[in-house]
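Me: Please take a close look at a single part of this model and explain how it is set within the rest of the chain. A connected account would suit me better than a list.

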Amino acid sequence: MSNVLIEKALALREEAMEKLQLIKDEIALDGFFATYLSKKGSIKGLLSNMKDVPPEERGNVGSEVNRLSAEVQKAFEERKADIEKRKLEKRLKEEAIDISMPGRKAPSGRINPYHLIIDEVTDIFLSMGYEVIEGRDVEEDKYNFELLNVPKDHPSRDMQDTFYLDAGKLLRTQTSAAQAHTMVERSVDPTPIRMISPGKAYRRDDDDMTHSHQFAQIEGLVVDKNISIANLKATLELFAKKMFGPKREIRLRSSYFPFTEPSVEVDVSCFACGGKGCNICKGTGWIEILGAGMVNPKVLEMCGYDPEVWSGFAFGVGVERVAMLRYGIDDIRRFYANDMKFLDGFIGK
Ligand code: DAH
């Protein structure tokens, strides 16, 4: 009997060793293990027949079967390691990266030219000690109009018809709303103000080459003691020279804004022709760049600054207009069209 079991084990070992050589993947390996090496697998399974072996031979037979089973187990482990190694090598080969290949260029965006202008203007005023105030696009009628001396039914509202929202709110028509906010916020304990506030404004305009229902402005406000129009002129002249070149002159023309008194339009001598007259300045030698004026005492008062003590000046620059003049852009709609061909023209400007 003992011989019979041992012989069966020997035959199974032969069979198993042959099969093992043919195995090429992990699934087949699993099948092999179940067939020959698991507890119920054929070699170990022989041990369940031990009851038929005479007791004095059991030790011998048992250890022989175990030894043969261990041999197959060892060969199995080796085969398994070999298959895993080959699999890894294959994967490494397949996933190898050719570092000598040129990379794929990731498309990148560009800074819109009107942001270039905002950044430049901001830098100029920061260097003069101004702070930058962030306004809000959704405003209350009060800040956009009333505190700026544009009461309900004032005719100048018509020119700034806008998008009205619920509960007395609207999309602001001018960044000037940020002036009113800043003064009101600081009026509890009034301190001097030197601020600019770049941002968007909205008007229900029909869009054409020079109009857009959404555009950008930069507001400026200075409030202090003894501020005069000389301070306004000096500040804007310095700004014009830094922005458009050291040879630029400015001139003030009388104008009207409800929140300033007196009000002016500010022209800069043409940076394209130097003042001789060209297409850009329409032959006049001057280009209008912004509106400005001395803060209307009524506005100071409504916003909590005593006009007997405080005075100030304000200005508002149209960002797209400056960008169009500066870069020779013919249509305001180009700023918002996300056209990379257009934007590519401003790399490094
Ligand atoms: N808010 C004016 C506009 O949108 C621009 C402006 C003019 C702003 C004069 C000012 C100013 O602060 O003093 O047309």
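Reply:
**A covered helix and its surroundings**

Helix H10 (319–327) is mostly covered, with 7 of its 9 residues buried. Buried here means under 20% relative accessible area, exposed means over 50%, and partly exposed lies in between, with a 1.4 Å probe and only the protein chains as cover. Helices (H or I, at least four residues) and strands (E, at least two) are DSSP runs numbered from the N terminus.

The model is predicted, so local features need pLDDT of at least 70 and side-chain atom pairs count only at pLDDT 80 or more, whereas totals for chains, interfaces and linings use all residues. Residues are numbered from 1 along each chain as its sequence is written, and side-chain values use heavy atoms, with hydrogens and water left out.

The buried residues of H10 are Val 319, Glu 320, Val 322, Ala 323, Met 324, Leu 325 and Tyr 327. They pack against H5, S5, H8, S8 and S9, where contact means heavy atoms within 4.5 Å. After H10 comes Gly 328, with a positive phi near 65°.

H10 also contributes to the largest nonpolar core. Such a core is a set of buried Ala, Val, Leu, Ile, Met, Phe, Trp, Tyr and Cys residues joined through side-chain atoms within 4.5 Å. The largest one has 46 residues, and Leu 290 and Phe 315 touch the most other members. At least two of its residues come from each of helix H5 (113–127), S5, helix H8 (229–244), strand S7 (260–269), S8, S9, H10 and helix H11 (340–344). H5 supplies the largest share, 7 residues. Another core lies apart from it and has 22 residues, including Leu 5, Leu 20, Leu 29 and Ile 83.

Phe 315 repays a closer look. Leaving aside residues up to four places away in sequence, Phe 315 touches Phe 125, Ile 196, Ile 218, Glu 219, Gly 220, Leu 236, Leu 290, Gly 291 and Ala 292. One of these, Gly 291, is found in strand S8 and counts as buried because its relative accessible area is 13%. With the same sequence neighbours set aside, the contacts of Gly 291 are Phe 257, Val 264, Glu 265, Ala 314, Phe 315 and Gly 316. Its C-alpha atom is separated by 9.2 Å from that of Asp 267, which is 24 residues away along the chain.

Phe 315 and Glu 219 also lead to the ligand. A residue is near the ligand if one of its heavy atoms lies within 4 Å of it. There are 15 residues around the ligand, and Gln 174, Ser 176, Arg 203, Gln 217 and Glu 219 come nearest. The shell comprises 5 nonpolar, 8 polar and 2 charged residues; Ala, Val, Leu, Ile, Met, Phe, Trp, Tyr, Cys and Pro count as nonpolar, Asp, Glu, Lys and Arg as charged, and the others, Gly among them, as polar.

Several polar contacts (pairs of N or O atoms within 3.5 Å; within protein, one must be able to donate a hydrogen and the other to accept it, and residues adjacent in sequence count only if both atoms are side-chain atoms) can be described here. A side-chain N or O atom of Ser 176 is 2.9 Å from a nitrogen atom of the ligand. An oxygen atom of the ligand is 2.6 Å from a side-chain N or O atom of Glu 219, and a backbone N or O atom of Phe 315 is 3.3 Å from an oxygen atom of the ligand. The ligand taken alone exposes 350 Å², of which the protein buries 91%; these areas come from the Shrake-Rupley method with a 1.4 Å probe. Strands S5 (214–224), S8 (286–295) and S9 (311–318) each give two or more residues to the shell.

The approach to S9 can be followed through Val 309, found in the loop between helix H9 (297–302) and S9. Val 309 counts as partly exposed because its relative accessibility is 38%. Beyond residues up to four places away in sequence, it touches Asp 224 and Lys 225.

Backbone geometry completes the account. Most residues other than glycine have a negative phi, and most peptide bonds are trans. Lys 282, in the loop between S7 and S8, has a positive phi of about 50° although it is not a glycine, and its relative accessible area of 74% makes it exposed. In strand S7 lies Pro 262, joined to Glu 261 by a cis peptide bond with omega about -5°.
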